[in-house]
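User: Please take a close look at the metal site in this model, and go through its ligating residues in one connected account.

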Amino acid sequence: MIALTYYGHSCFAVRAGGKTLLFDPFITPNELAKGIDASQLRPDFILVSHGHADHLADAAAIAGRSGAMVISTYEVAVWLQGQGVKSAHPMNHGGARSFDFGRVKLTSAIHSSSFPDGSYAGNPCGFVVEASDGGFYYSGDTALTTDMRLIGEMHRLDFAVLPIGDNFTMGASDAARAAQWAGVKRAVGVHYDTFPPIRIDRDAARSAFKAAGLELLLPKIGETIEI
Ligand code: NI
Ligand code: MN
């Protein structure tokens with residue numbers, strides 16, 4: 001079992017391999033997450049899927065306070081070092097590496113990636129994380145892609161974290177197919193409700209998963225679930 005805490009939009013933390021991993025920190029600019037105090041977070045690692053502000057707005061500040069190592073694509077890791085991040089580990093798609101909490105593999109994502117200043121941020125990614133407590137796939141912002149079948153073929157995972165907001169990423173029915181291809185029965189939905197174009201009907205989203213024999217989990221902002 002892995003403990004997962006949701007911080008709104010695509011930001012969540014997991015406790016894996018005795019460490020805290022924070023994904024895609026976007027808290028202080030998020031109206032819906034104003035109950036979360038980003039300055040209190042002390043992750044051991046910060047994993048960033050791409051350069052868009054709604055995935056890294058708080059990354060440099062949280063890394064500065066916590067000393068967390070950032071794991072991301074080469075371009076994002078180098079850019080964050082330029083923003084003052086002391087410890088950043090660059091990777092690229094298809095590459096895997098063992099860290100002290102477990103193993104991380106960078107997966108492809110069909111999306112775009114630029115920094116808040118408009119500069120080139122490489123290609124966006126997702127992550128497969130495998131630790132002694134369990135394994136999961138966080139797709140990052142992406143369209144549904146048959147590459148996800150490989151994840152189910154090559155890994156035994158417990159759950160996925162998938163965008164469901166549509167418009168900029170997969171919507172719920174495509175995300176349900178992504179979960180099937182990744183070989184998981186349960187998924188945590190992210191990247192919805194934050195902005196008007198990605199507001200969703202939660203019951204319809206849950207139904208899309210249920211119709212596929214899957215469960216969609218939608219933890220409240222600040223809630224921790226065991227999965
Ligand atoms: Ni994006
Ligand atoms: Mn996004």
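Analyst: The nickel ion (ligand 1) is held at 2.2 to 2.4 Å by His50 (NE2), His52 (ND1), His111 (NE2) and Asp141 (OD), where donors are N, O and S atoms within 2.8 Å of the metal (3.2 Å for Na, K and Ca) and, as water is not among the atoms, sites may look incomplete. This is a predicted model, in which local features need pLDDT of at least 70 and side-chain atom pairs count only at pLDDT 80 or more, while totals for chains, interfaces and linings use all residues. Residues are numbered from 1 along each chain as its sequence is written, chains are lettered from A and ligands numbered from 1 in the order in which they are written, and side-chain values use heavy atoms, with hydrogens and water left out.

Along the chain, the donors of the nickel ion (ligand 1) follow the spacing H-x1-H-x58-H-x29-D. His52 is buried, with a relative accessible area of 17%, whereas His111 is partly exposed, at 26%; buried means under 20% relative accessible area, exposed over 50%, and partly exposed in between (1.4 Å probe, protein chains only).

Asp141 also serves a second metal, bridging the nickel ion (ligand 1) and the manganese ion (ligand 2), which lie 3.0 Å apart. The manganese ion (ligand 2) is coordinated at 2.1 to 2.2 Å by Asp54 (OD), His55 (NE2), Asp141 (OD) and His191 (NE2), and these donor residues are spaced D-H-x85-D-x49-H in sequence. Of this set, both Asp54 and His55 are buried.
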